[in-house]
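Here's a walk through one protein model, going from a few polar side chains to the greasy parts and then out to a loop. Keep the structure open as you read.

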Amino acid sequence: MSKINDYLNETKVFFLATVDGNQPKLRPLGAHLEMDGKVVFGVGDFKAVYKQMVANPLVEIVACKQDMHWLRYTGTAVFETDEKYANAIMEMIPFLKTIYNEETGHKMMCFHLENATAVDIPMMGEGESLL
């Protein structure tokens with residue numbers, strides 16, 4: 001998991017793909033951390049991305065480095081029940097506390113991927129598994 005987390009730290013922004021009905025949806029994200037042996041991501045409970053993952057938890061995350069290597073991290077999104085993950089992400093990114101709080105009523109929903117594959121792929125050539 002550290003390799004995946006390091007990859008995402010290096011790229012800063014990554015893209016999460018979900019499905020809305022039969023339409024693929026892709027959006028940039030940045031909120032993640034490595035904790036308890038897994039890479040955990042955060043999304044808002046009021047956003048379409050959360051509703052899409054509840055309806056169909058099969059997702060893919062893609063990130064691209066400056067050297068043109070890119071990560072394809074695919075699996076099943078499993079939502080965490082312990083709020084320690086959301087709290088840890090908000091400590092890392094304090095601005096998120098203005099979005100996710102009792103006043104707004106918004107909650108950060110955290111998830112990790114299970115049954116996952118992670119491949120570091122060079123622009124030209126075969127990929128290397130990171131798991």
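## Asn 5 in helix H1

Start with Asn 5, which sits in helix H1. Keep in mind that this is a predicted model. Buried or exposed for Asn 5? Its relative accessibility is 9%, under the 20% cut-off, so Asn 5 counts as buried.

What does the side chain of Asn 5 make a polar contact with? The partner is the side chain of His 32, at 3.3 Å. Beyond neighbours within four places in sequence, Asn 5 is in contact with His 32, Leu 33, Glu 34 and Val 39.

## His 32 and its partners

His 32 belongs to strand S3. With a relative accessibility of 4%, it counts as buried. The His 32 side chain also has a polar contact with the side chain of Asn 9, at 3.0 Å, and it reaches the backbone oxygen of Gly 30 at 3.1 Å. Setting aside neighbours within four places in sequence, His 32 has quite a list of contacts, including Leu 8, Phe 14, Val 40, Ile 89 and Met 92.

Asn 9, like Asn 5, is part of helix H1. Asn 9 is partly exposed, though, at a relative accessible area of 38%. If you're tracing how the chain comes back on itself here, try Asn 9 and Leu 33: they are 24 residues apart in sequence, and their C-alpha atoms are 8.8 Å apart in space.

## The largest nonpolar core

A bit of background helps here. In soluble globular proteins, nonpolar side chains tend to be buried together.

In this model, the largest nonpolar core has 23 residues, and Leu 8, Leu 16, Val 43 and Leu 71 have the most contacts inside it. Helices H1 (2-11) and H2 (48-55) each supply at least two of its residues, as do strands S1 (14-20), S4 (38-44), S5 (58-64), S6 (70-79) and S7 (108-121). Which element gives the most to this core? That's S7, with 4 residues.

Leu 71 is a good place to click if you want to see the packing. Not counting neighbours within four places in sequence, its contacts include Ile 4, Tyr 7, Leu 8, Ile 61, Val 119 and Leu 130.

## A second core and helix H3

Apart from that core lies another one, of 12 residues, with Ala 31, Val 40, Ile 89 and Cys 110 among them.

Ile 89 is also one of the buried residues of helix H3 (residues 84-92), along with Tyr 85, Ala 86, Ala 88 and Met 90. What do the buried residues of H3 pack against? They pack against strand S3 (32-35), S4 and S7.

## A nonpolar patch on the surface

Some nonpolar residues sit on the outside. Val 13, Phe 15 and Leu 26 form a surface patch, and together they have about 280 Å² of accessible area. Phe 15 is in strand S1, and its 36% relative accessibility is why it counts as partly exposed.

## Pro 122 in the S7–S8 loop

Last stop: Pro 122, in the loop between S7 and strand S8 (128-129). Loop or not, Pro 122 counts as buried, at 18% relative accessibility. Leaving out residues up to four places away in sequence, Pro 122 touches Met 68, His 69, Trp 70 and Gly 127. Asp 82, by contrast, is 40 residues from Pro 122 in sequence and 36 Å from it in space, C-alpha to C-alpha.

Technical notes: Residues are numbered from 1 along each chain as its sequence is written. This is a predicted model: local features need pLDDT of at least 70, side-chain atom pairs count only at pLDDT 80 or more; totals for chains, interfaces and linings use all residues. Side-chain values use heavy atoms; hydrogens and water are left out. A nonpolar core is a set of buried Ala, Val, Leu, Ile, Met, Phe, Trp, Tyr and Cys residues joined through side-chain atoms within 4.5 Å. Buried means under 20% relative accessible area, exposed over 50%, partly exposed in between (1.4 Å probe, protein chains only). Contact means heavy atoms within 4.5 Å. Patches are made of residues with over 30% relative accessible area and no salt bridge: like charges are joined within 9 Å, nonpolar side chains (Val, Leu, Ile, Met, Phe, Trp, Tyr) within 5 Å. Accessible areas come from the Shrake-Rupley method with a 1.4 Å probe; for residues, only the protein chains shown count as cover. A salt bridge is a side-chain nitrogen of Lys or Arg within 4 Å of a carboxyl oxygen of Asp or Glu. A polar contact is a pair of N or O atoms within 3.5 Å; within protein, one must be able to donate a hydrogen and the other to accept it, and residues adjacent in sequence count only if both atoms are side-chain atoms.
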